[in-house]
Amino acid sequence: MYFLNVWIHILAAAVWTGGLIYTAAVAVPFALTHPVDERQRILRGLGRRFRWIGWGSIIVLVITGIGNLTLRLTPIKLSQVFNGDVFNPEKVERLIAVWLPWKLMLVIVMIALMAFHDITSIQAAKRYEGSPDSAPGNRMGSRAAALATLIAILVLYVSVRLVRG
Ligand code: HEM
């Protein structure tokens, strides 16, 4: 069960981070070679299709993340996350106490940035009178998504340190 859980966790991390990196490295540069309204159609169309896959993988990551903590060889109870034991090296494995707070903080910031991106994009599309796919870009939202991509990459590093020291 533990191995299956970690495998699903890593698969979801690959889908989430891979999708963000593909968007930044392939979809956005490709869209920028097109005129503005076509660029918007490409980016909004791709963004809308990735939205459910992206949020689906975040939900799977949080559920399997909790599974990783409770099923591991040195298990951590969910109550230890809420009573603060998990951040205390005398109560839990040192690596968890050192790296889990960083990981949880980064994951929360990453989710908040992506929620900001999606909410502001949806609002901009609703305000626009033409087809939602041609609605104008949303600069702050795009910056938030770019920052979330960098944080997702950092989360991968912190995850490796969490397991291997
Ligand atoms: C609430 C959210 C999360 C929690 C509680 C959590 C917890 C954990 C734990 C405890 C492990 C160690 C598993 C083990 O080997 O026993 C782990 C591994 C891992 N996590 Fe997460 N995680 C969360 C979210 C994420 C996110 C958002 C990503 C990616 C963007 C991610 C990527 C990974 C990866 C790649 C590993 C494997 C690291 C390795 O084996 O070197 N996790 N996670």
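This report describes the ligand site of a predicted model and then three residues, Asp85, Leu78 and Asp118.

**The shell around the ligand**

The ligand is surrounded by 22 residues, and the closest are Tyr2, His9, Arg72, Lys103 and Arg164. Sorted by class, this shell holds 14 nonpolar, five polar and three charged residues.

Some side chains have an N or O atom at a short listed distance from a nitrogen atom of the ligand. The table gives three such pairs.

| Side chain | Distance from its N or O atom to a ligand nitrogen atom |
|---|---|
| His9 | 2.8 Å |
| Lys103 | 2.6 Å |
| Ser159 | 3.5 Å |

Four elements each give two or more residues to the shell: α1 (2-31), α2 (36-71), α4 (94-127) and α5 (139-164). Of these, α5 supplies the largest share, with seven residues.

**The iron atom**

The ligand carries an iron atom, and two protein atoms act as its donors: NE2 of His9 and NZ of Lys103. These donors lie 1.8 to 2.0 Å from the iron atom. The iron atom has six donor atoms, and the angles among them run from 85 to 178 degrees. The site is octahedral. As a point of reference, ideal angles for six octahedral donors are 90 or 180 degrees.

What does the pair of protein donors tie together? His9 belongs to helix α1 and Lys103 to helix α4, so the pair links parts that are 94 residues apart in sequence.

Are the two donor residues buried or exposed? A residue counts as buried when its relative accessible area is under 20%. His9 has a relative accessible area of 12%, so His9 is buried. Lys103 has a value of 13%, so Lys103 is buried as well.

**Asp85**

Asp85 sits in the loop between α3 (78-82) and α4. Its relative accessible area is 18%, so this loop residue counts as buried. Leaving out residues up to four places away in sequence, Asp85 touches Gln80, Lys91 and Val92. Asp85 can also be placed relative to Ala97: the two are twelve residues apart in sequence, and their C-alpha atoms are 8.3 Å apart in space.

**Leu78**

Leu78 is part of helix α3. Is Leu78 buried or partly exposed? Its relative accessibility is 38%, and partly exposed covers values between the buried limit of 20% and the exposed limit of 50%, so Leu78 counts as partly exposed. Not counting residues up to four places away in sequence, Leu78 touches Ile66 and Thr70. Ile10 is 68 residues from Leu78 along the chain, and the C-alpha atoms of this pair are separated by 20 Å.

**Asp118**

Asp118 is found in helix α4, the helix that also holds the iron donor Lys103. With a relative accessibility of 8%, Asp118 counts as buried. Which residues does Asp118 contact, apart from its neighbours within four places in sequence? They are Arg51 and Trp55. With Arg51 there is also a polar contact, made between the two side chains at 3.5 Å.

**Summary**

In this predicted model, the iron atom of the ligand has His9 and Lys103 as its protein donors, and its site is octahedral. Away from the description of the iron site, Asp85 is buried in relative accessible area, Leu78 is partly exposed and Asp118 is buried.

Definitions and conventions
Residues numbered from 1 in each chain as written. Predicted model: local features only at pLDDT ≥ 70, side-chain atom pairs only at ≥ 80, totals over all residues. Heavy atoms only, no water. Near = heavy atom within 4 Å. Polar contact = N/O pair within 3.5 Å; in protein donor to acceptor, adjacent residues only side chain to side chain. Nonpolar A, V, L, I, M, F, W, Y, C, P; charged D, E, K, R; others polar. Buried < 20%, exposed > 50% of the residue type's maximum accessible area, 1.4 Å probe, protein only. Contact = heavy atoms within 4.5 Å. Donors = N, O, S within 2.8 Å, 3.2 Å for Na, K, Ca; no water. Tetrahedral: all angles 85-135°; square planar, octahedral: opposite > 155°, others 65-115°.
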